[in-house]
Amino acid sequence: MTEKKNVSQIQRRLIPSYIFLVIVSLISVFPFYWMISAATNTSTDVAKGKITIGAHAVENFKTLLSQQDLWGSMANSFKYAIVQTVIALFICSLAGFGFELYHDKYKDKLFSILLLAMMVPGVATMIPLFRVVSKLKLLNTVWGFILPSISTPFLIMMFRQNSRSFPVDILEAARMDGVSEIGIFFKMYLPVMKATYAAAGVITFMNAWNAYLWPKVVMTTNSAQTMPMLIANLASGYTIDYGSLMMGVLFCSVPTMIVFFVLQKQFAEGITGAVK
């Protein structure tokens with residue numbers, strides 16, 4: 001009886017916490033619900049603040065297709081984001097692997113200089129980057145899109161920090177067995193650091209997918225536009241159709257949500273530095 005009373009008392013004490021969590025969850029989910037609701041209503045209903053699901057989803061979708069190249073923009077966003085994610089993960093993980101597991105007296109000084117790059121705002125380097133991309137004739141190409149982001153100080157620092165949990169004994173044993181340094185990276189480091197790769201992949205993919213300013217600078221043709229650029233075009237007219245605009249926002253948001261929900265467990269492990 002005493003144990004049951006203690007359990008019931010604990011449960012009663014947790015009721016305010018549950019109520020608070022429910023309220024916070026509803027507040028967090030509401031913008032997503034409103035986005036879906038707005039995508040199914042007319043522009044007038046959205047402007048009036050209607051939050052219930054409407055019956056104009058098909059009309060808004062057809063309007064969106066007639067105004068913008070939805071499928072082309074989504075294909076561009078997927079292409080740019082996937083290529084950037086794969087290349088950035090390889091380069092940054094290789095750099096983090098080298099910074100942590102190979103010791104040199106100049107290594108920390110070089111890493112400190114690298115971290116200083118995080119202090120420089122991206123806008124300050126945009127004109128020099130544009131001149132470089134223009135001189136290389138990479139405008140409206142995937143390489144022009146990914147060039148400034150294939151190696152970022154944040155990802156290198158993330159891989160370096162998580163590499164500190166990498167078992168050094170495995171590294172020494174592999175060297176004694178005659179495994180090359182490249183072989184150690186691909187055969188041992190990559191499988192052990194899966195959680196870090198997942199977390200870095202989610203971050204890189206979302207940043208690439210949601211990028212707007214740099215693509216707006218280097219992508220000068222409609223055939224090369226991305227989803228954020230498409231949404232900006234929908235919102236830049238004299239008369240904005242909020243229904244089709246929110247339908248575009250919905251299409252832009254779903255891929256990143258799917259990526260996050262699929263990899264959320266690995267993302268949490270990678271952010272906390274878990275190594276398996």
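## Largest pocket and nonpolar cores

In this predicted model, 26 residues line the largest pocket, and Gln84, Gly122, Pro148, Ser149 and Thr152 lie nearest its centre. A pocket here is an open set of points, on a 1 Å grid over the protein atoms alone, where a 1.4 Å probe fits, with protein on both sides within 12 Å along at least five of seven lines; lining residues have an atom within 4 Å of a point. The space in this pocket is about 720 Å³, a volume being the space filled by probe spheres set on the points.

Helices are DSSP runs (H or I, at least four residues), numbered from the N terminus. Those giving two or more residues to the lining are tabulated below.

| Helix | Residues |
|---|---|
| H6 | 126-135 |
| H8 | 153-163 |
| H11 | 194-210 |
| H12 | 213-218 |

H11 contributes the most, with four residues. By class, the lining holds 18 nonpolar, eight polar and no charged residues.

The largest nonpolar core (buried Ala, Val, Leu, Ile, Met, Phe, Trp, Tyr and Cys residues joined through side-chain atoms within 4.5 Å; buried means under 20% relative accessible area, 1.4 Å probe, protein chains only) has 33 residues, of which Trp209, Met219 and Met227 touch the most other members. Its largest share, six residues, comes from H14. Beyond four places in sequence, Trp209 has contacts (heavy atoms within 4.5 Å) that include Met74, Phe78, Met227 and Cys252. Another core, apart from this one, has 23 residues, among them Phe111, Ile156, Ile184 and Ile203.

Residues are numbered from 1 along each chain as its sequence is written, and side-chain values use heavy atoms, with hydrogens and water left out. Local features need pLDDT of at least 70 and side-chain atom pairs count only at pLDDT 80 or more, whereas totals for chains, interfaces and linings use all residues.

Technical notes:
Ala, Val, Leu, Ile, Met, Phe, Trp, Tyr, Cys and Pro count as nonpolar, Asp, Glu, Lys and Arg as charged, and the others, Gly among them, as polar. Buried means under 20% relative accessible area, exposed over 50%, partly exposed in between (1.4 Å probe, protein chains only).
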